[in-house]
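Here are a few short exercises to work through with the structure open on your screen. Try each task yourself, then compare with the worked solution.

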Amino acid sequence: MARRYKWDEIESIFIEAIDNAQAVNFYTRSIRLQKEQINLLDSKINQFKGFKNHAIKNKDEPTANALLGMQCMLSSLRSSLKCWISVKENNFMEAWGHLIDAHEYCDIAIMVKTFQGLENLKVHLTGIERSIFPHWALYNSIGVLETIGKCSICGITFNDCEHLEGEIYIGRLCQRVERNIIEVNHCALVSIPHDKRCILTHISRDGKSIDNFTHEPTGVLTDDKDGLTTQGVIMTTKLLDLD
Amino acid sequence: MVSNPVEVVWSLPQSNFEKITIIPTNYALKEDREYYNDTASSFYKFAKNKMAIGIYSDPEICLLQKSADWFGPVFYVGKLIIENHEVLIALLDLISEYVKGRFPNSTPNIKFEIVSKDKANKLFKSVKYDGPSTNIKEVLKSFDKLN
């Protein structure tokens, strides 16, 4: 028989998990301890998904929303720890992706409910972004024509339901899913992008392509007569795990 | 920042609407398919129970622009509605309310377009807004210049 938890117990489990993860959420902490915390967070995230689904089943919107926020804060910390590990393993592109995941999970948690420590986590993530990674002056910003897709809440064609994209409904974020790209409309360089994953990964300097994280030459020669040659991410299709 | 009214081409088969109507983003282009900004469907659902608003067709295809800006729908506002500032103010208030709800922790730059007819009811003119939701009422001044 499944155990029933009181709200105080759920909060205690959450705070303990957050405190333990925060304690190793620094560059100098060992990879071993950070991996250990990631494994623990995996199991806590699943546990909180279970709590949330129970609240959804009971149509208890305030509790379901609060649990979604907790799940997102745990996910944000997990992504932040993954970022540190990738940095230490010199996988900078991967690290950047994890950091943006951490930011986005944190933003959803802030949208749902303000927990103790959530604002501090956001400040911490912004600090990592500013001090560990270079300042990206430009990002790619793409425009695509796509089908409207289906609603992630009710599963029907998005035009036919009453749910609004980006709103939270009983612990679930409304997204348009099952969208098909029909045509790439344009690609622009912008300073404030929607998706910070869309960076310039390589740029040219003196006729040579260099890695935009390390500034080391890649060995590829570039023809820069008509301007800068760049290589980068123009679009990601990744959806955060909010189930 | 609000543009002055600029004459635009109207390429849609239909052009008479009794209420404010969300129209395809490519209303001026003679293209095989109509498409809307990706915000059109959600904004329509949000607004339809709060004011008299229509949508030209179901937005089956949408233009997703991966920018931090909020690209709002394109609205057609008839001449009679333009002369009634209260309805236009209600629309602008709804846009502000929607953006505030969608971005509770930030103030994104917003962009949208309103198409109308000039005072002689002959030419189609467009006013574009590009700025924070706090200055959205600046749009009204531009509509006073419609002639």
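**Exercise 1.** Decide whether A:Asn90 is buried, partly exposed or exposed in this predicted model.

*Solution.* Start with the number: the relative accessible area of A:Asn90 is 54%. Exposed means over 50%, so A:Asn90 counts as exposed. Next, find its place in the chain: A:Asn90 sits in the loop that links helix H3 (61-88) to helix H4 (92-112) of chain A. Last, check the backbone: phi of A:Asn90 is near 65 degrees, which is a positive value in a residue other than glycine.

**Exercise 2.** Do the same for A:His215: find its loop and work out its exposure class.

*Solution.* Look between strand E8 (208-211) and strand E9 (217-221) of chain A; that loop holds A:His215. Its relative accessible area is 39%. Buried means under 20% and exposed over 50%, with partly exposed in between, so A:His215 is partly exposed. A:His215 isn't a glycine, yet its phi is positive, at about 65 degrees.

**Exercise 3.** Work out how strand E5 (residues 61-65) of chain B is covered, and find strands that pair with it.

*Solution.* Step one, count: 5 of the 5 residues in E5(B) are buried. Step two, sort them by face: B:Ile61, B:Leu63 and B:Gln65 are on one side, B:Cys62 and B:Leu64 on the other, and both faces are covered. Step three, look for partners. Strand E1 (residues 139-147) of chain A runs antiparallel to E5(B), with 5 bridges between them. In that pairing, A:Gly143 has B:Gln65 as its bridge partner. Strand E3 (residues 36-37) of chain B runs parallel to E5(B) and is joined to it by 2 bridges. Here B:Asn37 is matched with B:Leu63.

**Exercise 4.** Trace the open sheet of 6 strands in chain B and say which strands stand at its edges.

*Solution.* Read off the order: E1-E8-E7-E6-E2-E4, with mixed pairing. Strand E1 (6-7) and strand E4 (53-55) of chain B are at the edges; each has a single partner strand, so one side of each has no neighbour in the sheet. Now zoom in on one pair: strand E2 (residues 20-23) and strand E6 (residues 70-76) of chain B are antiparallel and share 3 bridges. Across from B:Thr21 you'll find B:Tyr76 in E6(B).

Finally, add the helices. Helix H1 (residues 40-47) of chain B lies across E2, E4 and E6 of chain B, at about 150 degrees to E4(B). Helix H3 (residues 85-102) of chain B lies across E2, E4, E6 and strand E7 (109-117) of chain B, at about 155 degrees to E7(B).

Methods: Residues are numbered from 1 along each chain as its sequence is written. Chains are lettered from A and ligands numbered from 1 in the order in which they are written. This is a predicted model: local features need pLDDT of at least 70, side-chain atom pairs count only at pLDDT 80 or more; totals for chains, interfaces and linings use all residues. Side-chain values use heavy atoms; hydrogens and water are left out. Two strands pair if DSSP finds at least two bridges between them. Helices (H or I, at least four residues) and strands (E, at least two) are DSSP runs, numbered from the N terminus. Contact means heavy atoms within 4.5 Å. Axes are lines fitted to C-alpha atoms, for helices over the stretch in contact, and angles run from 0 to 180 degrees between N-to-C directions. Buried means under 20% relative accessible area, exposed over 50%, partly exposed in between (1.4 Å probe, protein chains only).
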